[in-house]
Amino acid sequence: MKEDLYIYDILSDIYKCDSYGERALNRSRANAFVTRLVYGVLERDVYYEYVIGKLVGKRPKPYAVILLKMGFYMLDHMDSVPDYAAVNRILSCAESLGKGAIKGFLNAVLHKYRSARPELPKAPAEKLSVSASVPLWIVNKYIAQYGWQRAEEFLTMPRFTKQHFRHNARRITHEGLKKLLDKAGVEYIESELGFFADWGEELRPMFDDGLMTMQSQTSMKCCLIVGVKDGDKVLDACSAPGGKAVYIRECANADILCCEIHEHRLELIKNYAERMGEKGLEYRLCDSAAEKFPPVYDVVLCDVPCSGLGVAFSKPDIYLRRKKEDVKALADRQFEILFNTSNAVKRGGKILYSTCTTLKEENFDVVSAFLSANRNFELISSTQFLPDGKGEEGFYAALIGRVS
């Protein structure tokens, strides 16, 4: 089936690190079946890697690995596809790819998997890693940081797949958007600050017209923590794609300078602001870890580059890309940005340091190191949001005040 070749091509691009899952699916305008299977394979990647290691003596070629993972997921979770049909679809896909020589191998492995799933590891951490399909190094960090019970709780909770979106206050009210959703027949859940729903083409006109935008509820909460007021001067040090700056401008008539190190990321902010009808932002191409900012800002937003592990529940390909050694390099970069941009805060001003990760090394440890090195600042609040299975994602937000 052409649909299966399409899924294979998307997964191949993702596994080769040529594309991100969300970007690939949005670019392709994929249907529900394709989206579910692509994300399903990514969500179960660690488990399926373990299965392949147990069922196959020598690791297959990358194309065979992708086909097996597609087959495993169809057998496990696609009730609309009978088991025999799932196997046949994978064999046909292999044939269409010019890989007919491995059909016998694929058939044997899929039937073996269908007959009996491999036993999970005995060691508790390894068992949790495989069953939750989360890399072992991350599981070990979470156990050390949060304790076994809490780590197991949020790693094994059911995936919450609906996306969070909010109204654009410049063009419509919350109630006005709700009426449009009802009229379009969109099934949604109201949240504290917006709505949860599955993405569908009925949402496209509202999105394109800038009546609504995708933004996680936790990201919005981080914006509200800082309490920007009318007339405040705000430096948004790592602004792309612009969600926080645009939302804060809806909440307060503030002067906001959006900074990014790469031109294409600056363009993302401009495009986002244009779609939302926001014309009051300023932009600067610079490295916020080195730029000399004057000490005139009431608020500095440091939404720094991070591992992104707090949103891996909705973007499972993050687990494919992050390595243990990344954490130290990211923490060093985060500290550099925080330390340098702190010079832009005027006395009595505030910094909002935020990430979308759940690792202490990138969150509390960075803030603690900054406060130890800079006695002109004090911690006002520190909040670690953890995934709750109901739409809350993993974010960290520290509000830091300049006292002298």
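# Cores, sheets and ring pairs in a predicted model

Q: Which residues have the most contacts inside the largest nonpolar core?
A: In this predicted model, the largest nonpolar core has 48 residues. The largest share of this core, five residues, comes from helix α15, which covers residues 263–276. Within the core, the residues with the most contacts are Y142, L155, V228, I256 and L309.

Q: Which residues are among those of the other core, of 45 residues?
A: In soluble globular proteins, nonpolar side chains tend to be buried together. Apart from the largest core lies another one, of 45 residues, and among them are I7, M74, I90 and C93.

Q: With which residues is L309 in contact, leaving aside its neighbours within four places in sequence?
A: L309 is one of the residues with the most contacts inside the largest nonpolar core, and Y142, another of these, is also among its contacts. Leaving aside the neighbours within four places in sequence, the residues in contact with L309 are W137, I138, Y142, I318, Y319, R322, C356, T357, T358 and L359.

Q: What kind of aromatic pair do Y142 and F154 form?
A: Y142 counts as buried because its relative accessibility is 1%, and F154 counts as buried because its value is 0%, the cut-off being under 20%. Y142 lies in helix α9 (residues 136–146) and F154 in helix α10 (residues 148–156), so the pair ties together parts that are twelve residues apart in sequence. Their ring centres are 5.0 Å apart and their planes stand at 65°, and since planes over 60 degrees apart count this way, the pair is edge-to-face.

Q: How many aromatic pairs does a search of the whole structure find?
A: One aromatic pair is formed by Y188 and F195, edge-to-face, with 5.4 Å from centre to centre and 90° between the planes. Ring pairs also link Y47, Y48, F72 and Y113 into a cluster. Over the whole structure, the number of aromatic pairs found is 14.

Q: Which strands are the edge strands of the open sheet of seven strands?
A: The seven strands follow the order β7-β6-β5-β8-β9-β11-β10, and their pairing is mixed. From one strand to the next, the twist averages 15°. An edge strand pairs on one side only, and this holds for β7 (282–285) and β10 (377–385).

Q: Which residue is the bridge partner of V234 in β6?
A: Strand β5 (residues 233–236) and strand β6 (residues 255–260) run parallel and are joined by four bridges. In β6, the partner of V234 is a residue that also belongs to those with the most contacts inside the largest nonpolar core, namely I256.

Q: At about what angle does α15 run to β7?
A: Helix α15, which provides five residues of the largest core, lies across β1 and β4, running at about 150° to β4. The helix α15 also lies across β6 and β7, and its angle to β7 is about 170°.

Q: Which residue stands opposite H164 in β3?
A: The open sheet of four strands has the order β2-β3-β1-β4 with antiparallel pairing, and the twist averages 30° from one strand to the next. Within this sheet, β1 (residues 163–167) and β3 (residues 195–197) pair over three bridges in the antiparallel sense. Opposite H164 in β3 stands F196.

Q: How many residues of strand β11 are buried?
A: Strand β11 (residues 395–402) pairs with β9 in the antiparallel sense over six bridges, and Y353 stands opposite A398 of β11. The pairing of β10 and β11 is antiparallel too, over eight bridges, with F385 opposite F395. The strand β11 is mostly covered, and of its eight residues the number buried is seven.

Q: With the side chain of which residue does the side chain of N363 make a polar contact?
A: N363 is found in the loop between β9 (345–355) and α18 (364–373), and it counts as buried because its relative accessibility is 1%. Leaving aside neighbours within four places in sequence, N363 is in contact with Y353, T355, T357, T358, Q384 and Y396. The polar contact between side chains, at 2.9 Å, is with Q384.

Definitions and conventions. Residues numbered from 1 in each chain as written. Predicted model: local features only at pLDDT ≥ 70, side-chain atom pairs only at ≥ 80, totals over all residues. Heavy atoms only, no water. Core = buried A, V, L, I, M, F, W, Y, C linked by side-chain atoms within 4.5 Å. Buried < 20%, exposed > 50% of the residue type's maximum accessible area, 1.4 Å probe, protein only. Helix = DSSP H or I, 4+ residues; strand = E, 2+ residues; numbered from the N terminus. Contact = heavy atoms within 4.5 Å. Pairing = 2+ DSSP bridges. Axes fitted to C-alpha atoms, helices over the stretch in contact; angles between N-to-C directions. Polar contact = N/O pair within 3.5 Å; in protein donor to acceptor, adjacent residues only side chain to side chain. Phe/Tyr/Trp six-rings, centres within 6.5 Å; stacked < 30°, edge-to-face > 60°.
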